[in-house]
Amino acid sequence: MSEQLPAPDFDAQNYVRPNDRWICGHAGDGKPCRLGPDLRGRCQATAECVPALGKQPGESKGHWRCTRPGGACESGPLPDGRCCLPISRCSPVPTLRTRRGQVTWAVVAATVAFLLIALGGSWRGGFINPGELSTPHSSEAFAALHAATNHSRETCAACHIAGASGPGGLVSAALSADPGPLDLYGLASVSRAAPTTIDAACQTCHTRHDFHHAGVMENISCSYCHTEHRGPGAMAATKDLHCALCHGDAAFMAHAAAAGAALSEMERRSPTRHEPAVVEQTGRVGDRQSEAFTGAIHSFAEDHPEFRVHVEEFRDPNTLKFNHALHLAGETIPNLPDGSRLDCAHCHQPDAAGAYMRPVRFENHCRSCHSLQFDPETPGLHLPHGNPEFVSAFLRSLPRQYAELAAREGITGAEAQNEFARQKLERLGRRIESGEALEKRIFFSTAVTGPDADVGTVSGATRALYPGCAYCHEVNSTPRGRVEVTKPILLDRWLARSEFDHSKHATVACSQCHQAVHSSETADVLLPGKATCVTCHSPRGGVSDSCVTCHGYHRQKSLHE
């Protein structure tokens, strides 16, 4: 294949090759020298050509021959072999490539000088600060914990390790980073959520906080979900896209399920700060091995699994005998002292924050109906509640209890008080064979075989029927003859991995979420299912359904970690 020839009008004398850094100074006159400048821009001009000495066979001296490209000149070389057309020296001119390089190096040098001045000056913190800190990280309390912060003109070393080390430290930190600034492949392939050195600084204040599950395949950087330097106020809320990094990836979650299955029971035991209480009382371990809880989730309304409490059919471990349906709709339940009917709000009252309900207490919520009056003729004397040993001691000291009651009712004098006690004990003895029998019936009787079918009257001083401890509690007798009453287990959290606020649901009727009126067993867990929540928490319902609406994502490290 023949070589492609240049165009007829191509002027090789005035052509500037892109890779040339300098051109001859005579090029402006249209007469550039053939040698041109060297790489350093120095003129190499001498003459049009370098004559060559030619010798014919038999000649001793020979003669000089012109070697000028394009044909020999008319005068030819001088007798001493020099070219007869010398070229005057010139000042070579830099090409566009050279000028661009000079400008580039000038800009680089100026930039480096500016950065050195900016990073080495007293206003370095303000220069490199990408924005104002959130309120928690710019408060006086935070500044008191960390003297080296970017509060005012101080450094950023509280969170950024190299923040107080000067320009040299910043450069060293950059060069020692993984991946380094020159590791182009590493920089291109690194995950945007990969942990960084700043995460260790977060742990200095947020102690004992780990990621939300021990079986997570890859830990996540704090700053991926919690973005700082976005101005005062609270830090930007975590969004669903942060959660979807893992929970929206089916392959990732499948690997997480396999990793979770390999964890020990202790490692799976405390995923959140609320879980231990549930585990301790129910005996269930807070793992996530089930496929229903390790699948990809994209939205609450669509593919979020049903709540685990319903999937695994959790049962309330409480041994206290309670019937919600009877208390809310039973015809035998009397009105409260103020004349109103018993309802949910009488026993379930919000805490100070309004988010959760206070535990139900006998003295506050039950005693108004369930009196501890055991003697039908003595409404002012009541059994103690909460400790079977106290009850036994009370029954065995009835003479003194009656005497003290006489004193409280205004009877003076020891003899009169003792006579009051004697008469009470005599009338009580007509109904109960012995003190031992009384104690046994107090502890082990039920609604059918109670000490008395009607203790007091509904309209009198006491409103309750006292059937015995076993009517509500699990009561057992030990081999040594002691009575043991199983302590009630009152769990205040069943959805341990969720956050809930009753105050935000104050306009919703209790019965809309809790079907208590249909429950007759204590073991019933009266929590709403996912479908109930979706009616509001969905795009159709118009209430927020983001992950962080209900879920917290940190767990506290246990003491053994």
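**Aromatic pairing, helix packing and loop environments**

Phe300 and Phe307 are both buried. The description that follows refers to a predicted model. Across the whole structure, a search identifies three aromatic pairs. One of these is formed by Phe300 and Phe307, whose rings are stacked, with a centre-to-centre distance of 6.5 Å and an angle of 20° between the planes. The stacked assignment follows because planes under 30 degrees apart are placed in that class.

The chain comprises 22 helices and eight strands. Of its 561 residues, 31% count as buried. Among contacts with a separation of 6 or more, 57% are accounted for by residues 24 or more positions apart.

Two helix pairs were examined in detail. In the first pair, helix α17 (residues 398-408) and helix α18 (residues 414-431) have axes that come within 8 Å and cross at roughly 125°. The two helices α17 and α18 are therefore oblique to each other, and their crossing is right-handed. The residues of this contact divide into eleven nonpolar, two polar and one charged. On the α17 side, the contact is made by Leu398, Pro399, Tyr402, Ala403, Leu405, Ala406 and Ala407. These meet Gln417, Asn418, Phe420, Ala421, Lys424, Leu425 and Leu428 of α18. The charged member of the set is Lys424, because Lys belongs to the charged class, whereas Gln417 and Asn418 supply the polar part.

In the second pair, helix α16 (residues 388-395) packs with helix α19 (residues 435-444) at an angle of about 150°, and the axes are 10 Å apart. Helix α16 is thus roughly antiparallel to α19, since angles over 145 degrees are assigned to that class. The crossing of α16 and α19 is right-handed. Within α16, the residues in contact are Pro388, Val391, Ser392 and Leu395, and their counterparts in α19 are Leu438, Glu439, Ile442 and Phe443. By class, the residues of this contact are six nonpolar, one polar and one charged.

Several loop residues were characterised by burial and by their contacts beyond four places in sequence. Ser519 is located in the loop between α20 (510-513) and α21 (530-534). Its relative accessibility is 1%, so Ser519 counts as buried. Outside its neighbours within four places in sequence, Ser519 is in contact with Asn323, His324, Ala325, Asp524 and Leu526.

Ile220 occupies the loop between β5 (209-211) and α7 (222-225). With a relative accessibility of 13%, Ile220 is likewise classed as buried. Once residues up to four places away in sequence are set aside, Ile220 touches Ala193, Pro195, Phe211, Cys225, Leu245 and Cys246. Its C-alpha atom is separated by 9.3 Å from that of Arg192, a residue 28 positions away along the chain.

Asp38 is placed in the loop between β1 (22-23) and β2 (52-54). The relative accessible area of Asp38 is 19%, and the residue is therefore buried, the limit for this class being under 20%. Apart from residues up to four places away in sequence, Asp38 touches Trp22 and Gln44. Asp38 and Arg21, 17 residues apart in sequence, have C-alpha atoms 8.9 Å apart in space.

Thr486 lies in the loop between β7 (483-485) and α20. It is partly exposed, with a relative accessible area of 23%. Thr486 touches Thr319, His473, Glu474 and Asn476 when residues up to four places away in sequence are not counted. The C-alpha atoms of Thr486 and Asn318 are separated by 9.3 Å, although these residues are 168 positions apart along the chain.

Backbone geometry was also considered. Most residues other than glycine have a negative phi, and most peptide bonds are trans. A cis peptide bond joins Asp178 and Pro179, with omega about 0°. Pro179 is situated in the loop between α4 (166-175) and α5 (184-189). Positive phi values are found at two further loop residues that are not glycine: His229, near 65°, and Glu313, near 50°. His229 belongs to the loop between α7 and α8 (240-247) and, with a relative accessible area of 16%, is buried. Glu313, by contrast, is exposed at 59% relative accessible area; it is placed in the loop between α12 (308-311) and α13 (324-329).

Definitions and conventions
Residues are numbered from 1 along each chain as its sequence is written. This is a predicted model: local features need pLDDT of at least 70, side-chain atom pairs count only at pLDDT 80 or more; totals for chains, interfaces and linings use all residues. Side-chain values use heavy atoms; hydrogens and water are left out. Buried means under 20% relative accessible area, exposed over 50%, partly exposed in between (1.4 Å probe, protein chains only). Contact means heavy atoms within 4.5 Å. Rings of Phe, Tyr and Trp (its six-membered ring) pair if their centres lie within 6.5 Å; planes under 30 degrees apart count as stacked, over 60 as edge-to-face and the rest as tilted. Axes are lines fitted to C-alpha atoms, for helices over the stretch in contact, and angles run from 0 to 180 degrees between N-to-C directions. Angles under 35 degrees count as roughly parallel, over 145 as roughly antiparallel, 65 to 115 as roughly perpendicular and the rest as oblique. A crossing is left-handed if the near helix is turned anticlockwise from the far one by less than a right angle, and right-handed if clockwise.
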